[in-house]
There are 2 protein chains.
Amino acid sequence: MDLSKNEEDYLKALFYLIVESENDKTSTNQLAEYLGISPASVNGMLKKLRTKKLVDYQKYGKLHLTEQGRAIAVQLVRKHRLWETFLYDKLGFSWDEVHEVAEQLEHIQSEKLIRKLDAFLEHPSNDPHGAVIPTEEGEYRIPPKKTLAEVPAGDFCKLVSVKDSSVAFLQYVTKLGLALSSRIRIVERISFDDSLIIEFDGKQVQITRKFAENVFVV
Amino acid sequence: MDLSKNEEDYLKALFYLIVESENDKTSTNQLAEYLGISPASVNGMLKKLRTKKLVDYQKYGKLHLTEQGRAIAVQLVRKHRLWETFLYDKLGFSWDEVHEVAEQLEHIQSEKLIRKLDAFLEHPSNDPHGAVIPTEEGEYRIPPKKTLAEVPAGDFCKLVSVKDSSVAFLQYVTKLGLALSSRIRIVERISFDDSLIIEFDGKQVQITRKFAENVFVV
DNA sequence: TTAATAATTTAGTCTTAACTAACAAAATTT
DNA sequence: AAATTTTGTTAGTTAAGACTAAATTATTAA
């Protein structure tokens, strides 16, 4: 099945909304909002994707991805994350720069390219944000997530990804000096305002609870 | 200046036709033929490119690229050839597979990506087909073609193409074990009969002058 | 220099994927 | 249960960029 960049973007957005909400469905308006496209336009595209048996819904009903639609979306996620890994590991892009470029690269059509890239990167399991890279066979499971806010005082943990991946947040993280796989120790919890003091790379910083809740760790 | 994939393809085609013919101009029909698009459609796009000051022509006249159009085209060629080099050198694609994928990759918009890629590949000067890679500054000159017969003794060179592509000659080349981009050293020139001894892949063979004159190198 | 041929342009159509405005159905309030 | 609000759909428009057919200009041959 050969899809346009556009159709691929719809599938990816659907996948994102469905997986994020862990709800197995989403709605026209939500999708329109996410893509920044009018609901009317989205409605038109959904009709098309339905005739291609990639999404599944009836008039005024909720949207689901078909098996095939889901499979294609998973492969797009795989491509996106492999490219992010390439940009980060091999080309020295920073953490917050990889997404935008990978957004373009993921649409390149060549199975061989992805297989070779995967091998070149030595079959990575996580992208630079710590997200799991689906396998070639389409296996994709989301590991249970834990935030920095849940780690007991005194314990160590490792940064693997962030919840809010806005540029502003990512830049703040970078400015703090926190990098992917930074080893972090919880020095103290301030019960007064729920902030916490953490230590990494030999320095201590104080962060708010809101910040801690945005940082996923292992 | 932000161009669509389409506009970029037109500029690249124009550049190809103009540079190949070494004529500094081309025509609507020639361009249409090359792109596999009807002359009428090409005419429409040319109008658009003219208003963007990327091509230069008047009604019923010959087509030229403007300085800016040429500069953009050169950068596309640069991107294309850097990606081909990446696919060949790093991912292990064969030389006849790289073009199709590079055709897609060249449209990725990110100056940083190209700079980083160039550095990662250690600033290659030639792509896997032996073609020159334009510099970041847009310098692009086609070097005069050189045959194996012109390489001084002791020097290294790389096979890029052949002059005589008869089956007999190609079979002989293959039998010798010479492949595209084989790294060759000129061991010795026998002045008696102008034959030369070359070394590649750790083995030495003797070839006639006639043979050497049929092999282009870089 | 006129006729024939080739090259180029114009005019009008099609498809895709966006849009707005108006309408219809579903969900929520009162 | 009726009114209101939210959500989803339809209809009609627009912009690219392709197309064909027809018209125009250039070039070549007679």
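**Contacts between chains and with DNA**

User: Why is the pairing of the B:E97 and A:K112 side chains called a salt bridge?

Analyst: Their N to O distance is 2.5 Å. A salt bridge needs a side-chain nitrogen of Lys or Arg within 4 Å of a carboxyl oxygen of Asp or Glu, so the pair qualifies. The count between chain B and chain A is 2 salt bridges. On chain B, the elements that give two or more residues to the side touching chain A are α4 (67–90), α5 (98–105) and α6 (111–120); helices here are DSSP runs of H or I, at least four residues, numbered from the N terminus. The largest share, 5 residues, comes from α6(B).

This is a predicted model, in which local features need pLDDT of at least 70 and side-chain atom pairs count only at pLDDT 80 or more, while totals for chains, interfaces and linings use all residues. Residues are numbered from 1 along each chain as its sequence is written, chains are lettered from A and ligands numbered from 1 in written order, and side-chain values use heavy atoms, without hydrogens and water.

User: How do you know how much area chain B and chain A bury between them?

Analyst: The value is about 1700 Å², with 72% of it on carbon and sulfur atoms. Buried area is the accessible area (1.4 Å probe) that two parts lose on being put together, summed over both, so this figure covers both chains. In residue terms, 20 residues of chain B are in contact with 20 residues of chain A (contact: heavy atoms within 4.5 Å).

User: What makes the approach of A:N6 to DNA strand C a polar contact?

Analyst: A polar side-chain atom of A:N6 lies 3.0 Å from a phosphate oxygen of the strand. The term requires a pair of N or O atoms within 3.5 Å, and therefore the pair passes; within protein, one atom must also be able to donate a hydrogen and the other to accept it, and residues adjacent in sequence count only if both atoms are side-chain atoms. A:S41 passes too, at 2.7 Å from its side chain, and B:Y60 at 3.1 Å from its backbone.

User: Which residues come nearest to DNA strand D?

Analyst: Of 21 residues around the strand, A:N29, A:N43, A:K47, B:S41 and B:K48 come nearest. Sugar and phosphate account for 82% of the strand D atoms within 4 Å of the protein. A residue is near a strand if one of its heavy atoms lies within 4 Å of it. The A:N43 side chain has an N or O atom 2.4 Å from a phosphate oxygen of strand D.
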